[in-house]
Amino acid sequence: MFGKKILAVTVAVLMAIPFGIGVSAESGKIFSWNLSGNTAAIRNQDGASLTLDNVFKIEEADDGMITVYAAKNVSYQVNANSFAMAPAWSGGFNQAPGSRYKLYEKKEDGSRGKATGEIIDTDEMLERGIVAIDNPTREEKYWEIQPNHSRGTMTDLSGTYIIQLSDDHIFSSAQRWENDTFYLSIVRDENSSQIADVVQTVSVEGEGQWEYLSNGKRRFLITQEGYSSYASGWTKIAGKWYFFANNWDDGYEPYDMVTGWANSMPTGVYDHTEPVGNDGYYYLREDGSLQTGWLWRDGWYYLGSDLKYRTGWFLDSDGSWYYLSTSGGKMHQGWLWENGKWYFLGNDGRMYCNGWRPVSPSVEGVVMLGNWEGFHYFRSDGSMATGWQLIQEEWYYFNPDGSRYNGWLLWYGKWYYLQNGVMQTSKAVDGFWLDKNGVWIP
């Protein structure tokens with residue numbers, strides 16, 4: 001019964017057509033067809049006909065259901081009493097260009113009453129709420145598609161559509177006609193994966209099989225527990241992650257295996273709000289498998305086996321410490337101020353530690369006062385030495401910028417003398433005697 005909420009219109013009328021329906025043993029073949037160049041001529045057994053251009057391929061299933069593969073703009077000529085089309089598996093309403101509907105009253109018992117005398121187009125059907133995609137209907141009316149003998153162009157199509165074509169009856173809200181339909185599937189061009197031939201298959205035990213296509217692309221057919229479907233989105237195969245396109249972006253079509261950078265995140269990974277570099281979150285190798293470990297784009301990043309990017313201090317398997325930006329995960333190079341201490345990370349990102357290391361004032365956009373060039377000393381924890389530091393049995397004193405102190409130093413009420421940073425002991429300097437601890441003895 002045609003009720004208030006037609007998210008059900010298409011489901012109940014246009015879209016409730018399971019895949020493969022269209023032929024019975026009694027009725028025989030529903031459609032005959034011919035493809036000449038890129039022009040398809042399709043004829044229903046009751047005499048309805050449809051001509052389409054920009055067609056690349058037609059497939060016919062064992063049960064007789066046909067699928068027409070065409071470009072996104074398709075010119076047509078129809079000679080039929082009933083011609084309707086709607087996006088498959090979506091709940092969308094009829095999108096056949098030029099469709100017009102004859103309206104009937106709806107009786108209290110739900111049956112169809114007399115004609116109202118109105119014939120309106122698809123837009124007005126939606127505006128008046130006689131049918132609706134997302135909202136409840138506002139007018140309780142039955143409708144039927146008027147005879148369509150026209151030509152035109154269906155533009156900017158995408159995805160798959162159900163086409164209903166008949167001369168035997170008028171398509172209406174009061175009836176469901178399931179045995180006079182076929183699929184129109186929109187593809188990118190003649191090199192589309194949807195119409196490419198499978199040139200090789202490689203089975204993965206218990207999971208499915210890889211399909212190598214004539215256009216150079218790859219797909220994976222999942223076959224488990226009697227169910228088969230092409231992989232879409234993130235899929236784990238033989239212990240490795242792969243990403244399969246689920247739209248027509250970046251040169252890929254649905255089910256194509258993606259290589260290079262992918263902006264989508266694997267299921268369950270929600271801790272990133274910005275892509276790595278400028279192009280994506282995750283990098284897929286030439287064989288399609290997800291690369292973990294160090295990744296290069298506009299800098300270095302580290303992706304762990306848990307599929308999360310490392311941030312902050314990170315200890316690599318080689319025993320080296322790195323610092324990865326807390327906003328994006330990019331590897332840091334040069335000076336770093338962290339928790340009241342200075343650290344220096346080389347061009348390879350490794351933290352300097354345990355000894356003298358050459359440095360340079362490399363903090364971009366920051367004016368660093370003092371002497372930040374030449375050799376500085378770094379402790380075992382990687383922090384730059386300031387103040388007193390024992391190095392190979394000699395005491396050094398370093399300035400706040402890490403440079404070596406020279407001259408007399410007053411430290412907690414005692415005088416010391418340092419030469420090139422080294423504390424002098426058991427000697428006279430400027431006529432003043434320094435004891436074995438470096439303290440001036442008056």
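Me: A salt bridge is a side-chain nitrogen of Lys or Arg within 4 Å of a carboxyl oxygen of Asp or Glu. With that in mind, what makes the pair of R128 and E118 a salt bridge?

Reply: This is a predicted model, and in it the closest N and O atoms of R128 and E118 are 2.9 Å apart. The cut-off is 4 Å between a nitrogen of Lys or Arg and a carboxyl oxygen of Asp or Glu, and 2.9 Å lies within it, so the pair is called a salt bridge. The pair links distant parts of the chain, with R128 in helix α2 (residues 122-128) and E118 in strand β9 (residues 112-121), 10 residues apart.

Me: Why is R128 called buried, and what is E118 called by the same kind of value?

Reply: Buried means under 20% relative accessible area; R128 has 17% relative accessibility, and therefore counts as buried. E118 has 28% relative accessibility, and because partly exposed covers what lies between the 20% and 50% limits, E118 counts as partly exposed.

Me: Which other residue forms a salt bridge with R128, and why can that pair be said to tie parts of the chain together?

Reply: R128 also forms a salt bridge with E139, where the closest N and O atoms are 2.8 Å apart. R128 lies in helix α2, while E139 lies in the loop between α2 and β10 (141-145), so the pair ties together parts that are 11 residues apart in sequence.

Me: How do you know that D318 and R350 form a salt bridge, and are the two residues buried or exposed, or something in between?

Reply: Their closest N and O atoms are 3.1 Å apart, and since this is within 4 Å, the pair meets the cut-off. D318 lies in the loop between β24 (312-315) and β25 (321-324), and R350 in the loop between β27 (341-345) and β28 (355-359), so this salt bridge ties together parts that are 32 residues apart in sequence. D318 has 41% relative accessibility and counts as partly exposed, and R350, at 34%, counts as partly exposed too.

Me: What joins E118, E124, R128, E139 and K141 into one network, and how many salt bridges does a search of the whole structure find?

Reply: These residues are joined by salt bridges that share partners. The search of the whole structure finds 12 salt bridges.

Me: Why is N44 called buried, and which residues is N44 in contact with?

Reply: The relative accessibility of N44 is 4%, which is under the 20% limit, and therefore N44 counts as buried. N44 has its place in strand β2 (residues 39-44). Leaving aside neighbours within four places in sequence, N44 is in contact with I30, F31, L165, S166 and D180.

Me: What makes β2 and β3 a pair of strands, and what lies between them?

Reply: Two strands pair if at least two bridges are found between them; β2 and β3 have four bridges, and they pair in the antiparallel sense. Within this pairing, R43 stands opposite S49 in β3. The two strands form a hairpin with four residues between them, and G47 in the turn has a positive phi of about 110 degrees. Strand β3 also pairs with β6, again antiparallel over four bridges, and there Y76 is the bridge partner of L52.

Me: Which residues of β3 are on its covered face, and which residues touch the most other members of the largest nonpolar core?

Reply: The covered face of β3 holds L50 and L52, whereas S49 and T51 are on the uncovered one. The largest nonpolar core has 31 residues, and L50, L52, V68, F182 and L184 touch the most other members. A second, separate core of 16 residues includes F243, Y252, Y282 and L303.

Me: Why are β14 and β17 said to stand at the edges of their sheet?

Reply: Four strands form an open sheet in the order β14-β15-β16-β17, with antiparallel pairing. β14 (198-204) and β17 (227-230) each have a single partner strand, so one side of each is left without a neighbour in the sheet. Neighbouring strands of this sheet are turned by 20 degrees against each other on average, direction ignored. Six bridges join β14 to strand β15 (residues 208-213), and Q200 stands opposite Y212 in β15.

Definitions and conventions:
Residues numbered from 1 in each chain as written. Predicted model: local features only at pLDDT ≥ 70, side-chain atom pairs only at ≥ 80, totals over all residues. Heavy atoms only, no water. Buried < 20%, exposed > 50% of the residue type's maximum accessible area, 1.4 Å probe, protein only. Contact = heavy atoms within 4.5 Å. Axes fitted to C-alpha atoms, helices over the stretch in contact; angles between N-to-C directions. Core = buried A, V, L, I, M, F, W, Y, C linked by side-chain atoms within 4.5 Å.
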